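Colleague: I am new to this structure and would love a close look at one part of it. Could you walk me through the helix and a few of its residues?

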Amino acid sequence: MAGWLAGWLAGWLAGWLAGWLAGWLAGWLASKQLYFNIFSVLCHNVNFTT
């Protein structure tokens with residue numbers, strides 16, 4: 001019983017950690033892409049106005 005509980009807890013913790021890490025990485029990449037897009041648009045507008 002204790003072994004089953006420990007295994008379940010370890011599996012749940014590993015799954016939660018993996019999900020959190022994947023979510024963080026996806027969010028970081030998305031924000032990086034978003035900032036790059038904003039930067040590109042700003043540069044593009046500056047190039048047009050000058």
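Modeller: Happy to help; here is the helix, along with the chain it belongs to. This is a predicted model, in which local features need pLDDT of at least 70, side-chain atom pairs count only at pLDDT 80 or more, and totals for chains, interfaces and linings use all residues. Residues are numbered from 1 along each chain as its sequence is written, and side-chain values use heavy atoms, with hydrogens and water left out.

The protein chain holds one helix and zero strands; these are DSSP runs, with H or I over at least four residues for a helix and E over at least two for a strand, numbered from the N terminus. The radius of gyration, taken over C-alpha atoms, is 22 Å, well over the 10 Å that the globule rule (2.2 Å times the number of residues to the power 0.38) gives for 50 residues, so the protein chain is more spread out than a compact globule. Its C-alpha trace spans about 75 × 5 × 5 Å along the principal axes.

Buried residues (under 20% relative accessible area, with exposed over 50% and partly exposed in between, using a 1.4 Å probe and protein chains only) make up 0% of the 50 residues.

Now for two residues. A30 sits in helix α1, which covers residues 2-49, and is partly exposed at 47% relative accessible area. From A30 to V41 is eleven residues in sequence and 16 Å in space, C-alpha to C-alpha. N37 also lies in helix α1 and is partly exposed, at 37%. Between N37 and G19 there are 27 Å in space, C-alpha to C-alpha, and they are 18 residues apart in sequence.
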